[in-house]
Amino acid sequence: MEYIADTERYGKMKYRRCGNTGLFLPIISLGLWQNFGKETSIEIQKQKLHKAFDLGITHFDLANNYGLPANGSAEENFGKILKDGFGKYRDEMVISTKAGFPMWDGPYGDWGSRKYLISSLDQSLKRMRLDYVDIFYHHRPDPGTPLEETMTALADIVRQGKALYIGISNYEEIETKKSIEILSELKVPCLVNQIRYNFIERWPEEDLFDILGSSGVGCICYSPLAQGLLTNKYLSEIPEDSRAARTGTSIAERYFNDKNMLIVKNLNEVAVARGQSLAQMALSWVLRKDEITSVLIGASKVIQIEDNVSILNHLDFTEDEIDTIENILKTDDDI
Ligand SMILES: NC(=O)c1ccc[n+]([C@@H]2O[C@H](COP(=O)([O-])OP(=O)(O)OC[C@H]3O[C@@H](n4cnc5c(N)ncnc54)[C@H](OP(=O)(O)O)[C@@H]3O)[C@@H](O)[C@H]2O)c1
């Protein structure tokens, strides 16, 4: 049956301006890193994208290498779904992709050279069957390539009309400042930095948020649920249908330890007292900061998208709640 979007969708979401640019993003964006490759049926993927759009999520985040277990399969699947009726809403969507991690063999399929970035975006556009993306990101800083080369390639991509805006991702403070300066000189301003930020990974609080805020650059926070750790699903066991139970994922290695499990248990009590799930509280907490434009979630099920969007009814925190959370997050490493 032909997909027709919910006519009430824009009343179901809040939108924040991305830095001081003209672009608004939904406070919740949907990422296609996992659950949109070969491990999930195209029908389920379609249901999730349609539900997200019906709930006012206009921003879909991809990268050249997304899609387990095959690089590029998330972009291919997204292209198929666009062609199959979703694409008639193209002008109401912000579609992002990236290059920067290993993508193909040889010296031109990785990092930040002009050669890699331009070829990779051309491939991404073909896979998604698009003429342009809204945001093209350099996915991670490249210590070997001059930043001027990477930033000039990004600016040229905008001038060629293959991307409307430029983003950086995983750039720390100094690299962020320099990139913003170079792009500003090139008259193609940096739109956004996309970084990992959640209850247990808080390095951007030191300086990065201030740098982005004072430069008028937006901020998108990925893995706000620490890939699912910051939900109540792992409190007693590893469910069979969870990311931690799937091969080829990094959640267990990255996050599962006694300290984090104790933090999750204690945060869950705060969430219950607030009348929210832990996942909902984790997303609301990230969004408490004005510098943050959007939280970028992943979802294996349609219901997770619905649950996460319902935070719009309860984004605020009392001072007591914030203090209690801070105390929980101070849990020692040697518990
Ligand atoms: N720029 C970068 O370097 C970078 C790196 C990583 C990610 N990203 C972007 O960020 C996006 C999100 O990353 P992420 O997948 O790590 O985000 P996340 O939101 O922290 O984790 C997503 C996982 O959490 C679980 N989940 C989500 N909502 C839930 C709910 N309401 N209740 C219970 N469980 C829930 C699901 O796990 P189950 O599968 O267990 O159900 C889901 O797959 C990616 O798709 C990608 O677009 C960017």
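Analyst: Ala, Val, Leu, Ile, Met, Phe, Trp, Tyr, Cys and Pro count as nonpolar, Asp, Glu, Lys and Arg as charged, and the others, Gly among them, as polar. On that split, the shell around the ligand holds 10 nonpolar, 16 polar and four charged residues. This is a predicted model: local features need pLDDT of at least 70, side-chain atom pairs count only at pLDDT 80 or more, and totals for chains, interfaces and linings use all residues. Residues are numbered from 1 along each chain as its sequence is written.

User: What makes a residue part of the ligand shell, and which come nearest?

Analyst: Its C-beta atom, placed from the backbone, must lie within 6 Å of the molecule. There are 30 residues around the ligand, and the nearest are Gly31, Trp33, Tyr222, Leu225 and Gly298. Two elements, E10 and helix H10 (302-309), each give two or more residues to this shell. H10 gives the most, with three. Helices (H or I, at least four residues) and strands (E, at least two) are DSSP runs, numbered from the N terminus.

User: How do you know which strands form the barrel?

Analyst: Strands pair if DSSP finds at least two bridges between them. The closed barrel has eight strands, E3-E4-E5-E6-E7-E8-E9-E10, paired in parallel. From one strand to the next, the twist averages 30°. E3 and E4 (residues 59-61) have two bridges, in the parallel sense; there, Gly31 is partnered by Asp61.

User: Where does E10 find its partners?

Analyst: Strand E3 (residues 28-31) pairs with E10 in parallel over three bridges, and Ile28 has Val295 as its bridge partner. Strand E9 (residues 218-222) also runs parallel to E10, with three bridges. Ile220 stands opposite Ser294 there.

User: Why say that both faces of E10 are covered?

Analyst: A residue is buried if 20 or more other C-beta atoms, placed from the backbone, lie within 10 Å of its own, exposed if 12 or fewer, and partly exposed in between. In E10 (residues 294-297), Ser294 and Leu296 on one side are buried, and so are Val295 and Ile297 on the other. E6 is mostly covered too: six of its six residues are buried.

User: Why is Asn35 called buried, and what is Ala226 called?

Analyst: Asn35 has 22 other C-beta atoms within 10 Å, so it is buried. Ala226 has 19 inside 10 Å, so it counts as partly exposed.

User: What makes the backbone at Asn35 and Ala226 stand out?

Analyst: Most residues other than glycine have a negative phi. Phi of Asn35 is near 75°, a positive value. Ala226, not a glycine either, has a positive phi of about 50°. Asn35 sits in the loop between E3 and helix H1 (42-54). Ala226 lies in the loop between E9 and helix H7 (251-255).

User: What makes E5, H3 and E6 a unit, and of which hand?

Analyst: A crossover is right-handed if, with the strands pointing away from the viewer, the path from the first strand over the helix to the second runs clockwise. E5, H3 and E6 meet that test as a right-handed β-α-β unit. E5 and E6 pair in parallel over four bridges, with Thr97 opposite Phe136.

User: Which crossover follows from E6 to E7?

Analyst: The chain passes from E6 through helix H4 (residues 147-159) to E7, and this β-α-β crossover is right-handed as well. E6 and E7 (residues 163-169) pair in parallel over five bridges. Ile135 stands opposite Tyr165 in E7.

Terms used:
Axes are lines fitted to C-alpha atoms, for helices over the stretch in contact, and angles run from 0 to 180 degrees between N-to-C directions.
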